[in-house]
Amino acid sequence: MGITMTEAAASRVKTFIEKRGKGVGLRLGVKTMGCSGMGYVIEFADEVDEQDEVFEFHNVKVIVDPKSLIYLDGTEVDFTREGLNEGFKFNNPNEKDSCGCGESFTV
Amino acid sequence: MALLQISEPGMTSAPHQHRLAAGIDLGTTHSLVATVRSGSADTLADSQQQHLLPSVVHYSKDRPPLVGLEALAKANKDPLNTLASVKRLMGRGQNDLATIDGHLPYQFAETDSSVPRIQTVAGAVSAIEVSAEILKALRQRAEDSLGDILSGVVITVPAYFDDAQREATRDAAKLANLTVYRLINEPTAAAIAYGLDQQTSGTIAVYDLGGGTFDISILRLSKGVFEVLSTGGNSALGGDDFDYAIAEWILQQLPNAVADDQALLRQCLTLARQAKETLSHHETTEITLDHWQGTLSRTNFEALIAPLVKKTLSSCRRALRDAKLNKDEIDDVILVGGSTRVPSVREAVNAFFERTAHSKLDPDKVVAIGAARQADILAGNKPDQEMLLLDVIPLSLGIEMMGGLVDKVIHRNTAIPITRAQEFTTFKDGQTALSIHILQGERETVETNRSLGKFVLHGIPPMVAGAARIKVTFQVDADGLLNVDAQELTTGTRSNIEIKPSYGLTDNEIETMLRSSIDNAQDDVELRSLREQQIEARRTLEALNAAMESDDETLLSEEERQQLYAGHSELAATCKTSEDSEVIKAAIKKLEKSAEFYVERRMNSSVKKAMAGQQINDI
């Protein structure tokens, strides 16, 4: 089981953590919420819990709790630009359906 | 799929529940919008990678107004319909037009309204409507960049903006369909951008040299509250004047320049701006115009602008003096505004304050960035409320009392938001209405303060003077806007007013008002005690009159009655002629003494009346 992160995403995360001035890495997860059932969590991580899985890409620690990992297995996190908007994108093979805007999804 | 941003731990919002917030620097020459994404604040660019939006709006007959660079491009061809620098008009009344510094090359429409309106082909527009167009363009840019609707914004205003100017800014935001979390002062935003709000205390000087205006503000930070100690500057001095200085130099060098050649002047100004920007990074620059070629060195340029820089420093000196501070009491100096990129400006400021000014952030963006950080917190995107930034009111707010005195309800430099209530009462027997007159300023009397508004509380039940209890509540919200509510406590009747003053005060006027309160402190105290004694005398006379009218003949003999009337007239006369509070006080005492027997008799008689026909056990 695992997830991956593109170099573009990793370098952005690194910059953001540096600018924030603290944080051990990036926490990814899923939460039940939204119109299609689940939503992604993407937060700065200030600590790592015992049961967390920790991945490392291009010198950035990515922390995922085991429950979320089931839904995120095989996901690639990318950083992209769409018009004026830019942000992180989850390419998740487990996603069967997502709401129109793609902010929430089902597996 | 949607693009996501990194949240603070535990602050991930549900889909479609984003609290997108932005900070807006609504400037005289340029405006910017910034936001916090993935924890870092930055300004947002348009599709051409431009961050600065020229604060220019062009109106035409049959198409929606153009904003920004597109509008600026029309300035030469269609100057009357291309509106720039309208910030100078925000919150100003017709009567203020003459006092505004800097040339406003517009045709003002004839109108009955107190707000000046500029004539364009699309009709007459007010500064508020023009600003709303700029805000709409920024909102559009932010929503395109964030991919969702903005939930709220923080807009910055100059520290010296008064209630009217702030209210006008809020109105513009309302027209642009923006929710304003808060208006904050530009220097305060700059201090936040540099993270100075994280310190516990400090004194900060913000040197803001923009395109057309110069502002110096001295702030004091204590316990998360920024207090504006003093402001100063020059609303007609900025980087554009540097361009003019160079342009004039070029014109002097030209062998056969014709005076008043507008096209040539414009050409020179464009070259001048380029030369100025080059000289920030190079020692010399070549200027070519037609067949003429010249070299401008940085030293030459510095000599050209030296008088202008010197002017800004004397404003700094004045601001320090107003804040009653020495240079060495300033902890931090912040540079704001594109013109602070000029090396000699930086050096002059550093030398003046004897320390290195903060200049790490882009001086054009620093205010918008600070506003964005504040907006992010107000939107609730930060975990533990790291700061709840507060501002203070610049001038005391009070209410008119009998005799033209002002009773201050909220004192100046009180942190806002704030609510303060004070109880007042009626002056005359049977008084059923109370006029509430709200004033701003530091002096003791109505004439010497600024009137903000008036309203009347009706429906007070008739009672003897002094028995009614009227609670007047002053509420100043986070933007410095005032709401006054009056309530008669026995019946609950209430009335209120929201203060939207029609005319603004300039920073100079605020300064003058503050200074005059200090200069006239002694006179004011004397005047106050005189007025107080005059009121006291009138109250005594009023009470005696009322008593004598209501009593039947039995309590007083004709002789006693005449004696009291004589005393009454004597006090009334003293009150009218004397300017000495002690004399009036003595006269009141004298009348009170001579009426003592009467007061006693009245007491006895009313006690008798009350007890008549009652059993001793019932009492």
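Helices, as the term is used here, are DSSP runs of H or I with at least four residues, and strands are DSSP runs of E with at least two, both numbered from the N terminus. Read in those terms along its sequence, chain A of this predicted model follows the pattern β-α-β-β-β-β-α-β-β-β-β, which comes to two helices and nine strands. Of the 107 residues of chain A, 35% count as buried, and among its contacts between residues at least 6 apart in sequence, 55% join residues at least 24 apart.

One position in chain A serves to illustrate how such a separation in sequence looks in space. Leu69(A) lies in helix α2 of that chain, which covers residues 66-72, and the C-alpha atom of Leu69(A) is 8.3 Å from that of Glu53(A), a residue 16 places away in sequence. Leu69(A) has 19 C-beta neighbours inside 10 Å and therefore counts as partly exposed, given that 20 or more would be needed for a residue to be called buried.

Chain B has 619 residues, of which 43% are buried, and its secondary structure consists of 14 helices and 27 strands. When the contacts of chain B with a sequence separation of 6 or more are considered, 68% of them are between residues 24 or more positions apart.

The nonpolar interior can be taken next. In soluble globular proteins, nonpolar side chains tend to be buried together. In this model the largest nonpolar core has 114 residues, and those with the most contacts inside it are Val153(B), Tyr207(B) and Ala371(B). Helix α2 of chain B, residues 127-146, supplies the largest share of this core, namely 10 residues, while domain 1 (1-194 + 362-386) and domain 2 (195-360) of chain B each contribute at least three residues to it. Apart from this core lies another, of 25 residues, which includes Ile3(A), Met5(A), Leu26(A) and Phe90(A).

Val153(B) shows what the surroundings of one of these well-connected core residues are made of. Once its neighbours within four places in sequence are set aside, Val153(B) is in contact with Ala21(B), Ala22(B), Gly23(B) and Ile24(B), with Leu178(B), Thr179(B), Val180(B) and Tyr181(B), and also with Ala375(B).

Gly23(B) appears again among the contacts of Gly370(B), a residue of helix α9 (residues 366-378) of chain B. Leaving aside neighbours within four places in sequence, Gly370(B) is in contact with Gly23(B) and with Ala189(B), Ala190(B), Ala191(B), Ile192(B) and Ala193(B). Between Gly370(B) and Ile192(B), the C-alpha atoms are 5.0 Å apart, although 178 residues separate the two in sequence. Gly370(B) is classed as buried because 34 other C-beta atoms lie within 10 Å.

The partner stretch belongs to helix α4 of chain B, residues 186-193, which is mostly covered, with eight of its eight residues buried. The buried residues of α4(B) are Glu186(B), Pro187(B), Thr188(B), Ala189(B), Ala190(B), Ala191(B), Ile192(B) and Ala193(B). Just after this helix, Gly195(B) adopts a positive phi of about 75°.

Positive phi values also occur at two residues of chain B that are not glycines. Lys324(B) has a phi of about 55° and sits in the loop between α7 (298-322) and β17 (332-336), where it counts as exposed because it has 10 C-beta neighbours inside 10 Å. Glu354(B) likewise has a positive phi of about 55°, and its place is in the loop between α8 (343-353) and α9; with 10 other C-beta atoms within 10 Å, Glu354(B) is therefore exposed.

Further along chain B, a pair of helices can be followed in more detail. Two packed helices are described by the angle between their axes and the distance between the axes. For helix α12 (residues 558-577) and helix α13 (residues 581-594) of chain B, the axes come within 9 Å and cross at roughly 170°, so α12(B) and α13(B) are roughly antiparallel to each other. On the α12(B) side, the contact is made by Gln563(B), Gly567(B), His568(B), Glu570(B), Leu571(B), Thr574(B) and Cys575(B), and on the α13(B) side by Val583(B), Ile584(B), Ala587(B), Ile588(B), Leu591(B) and Ser594(B). Sorted by class, this contact has seven nonpolar, five polar and one charged residues.

Notes
Residues are numbered from 1 along each chain as its sequence is written. Chains are lettered from A and ligands numbered from 1 in the order in which they are written. This is a predicted model: local features need pLDDT of at least 70, side-chain atom pairs count only at pLDDT 80 or more; totals for chains, interfaces and linings use all residues. Axes are lines fitted to C-alpha atoms, for helices over the stretch in contact, and angles run from 0 to 180 degrees between N-to-C directions. Angles under 35 degrees count as roughly parallel, over 145 as roughly antiparallel, 65 to 115 as roughly perpendicular and the rest as oblique. Two residues are in contact if their C-beta atoms, placed from the backbone, lie within 7 Å. Ala, Val, Leu, Ile, Met, Phe, Trp, Tyr, Cys and Pro count as nonpolar, Asp, Glu, Lys and Arg as charged, and the others, Gly among them, as polar. A nonpolar core is a set of buried Ala, Val, Leu, Ile, Met, Phe, Trp, Tyr and Cys residues joined through C-beta atoms within 7 Å. A residue is buried if 20 or more other C-beta atoms lie within 10 Å of its own, exposed if 12 or fewer, and partly exposed in between; C-beta atoms are placed from the backbone. Domain bounds come from an automatic or database domain assignment.
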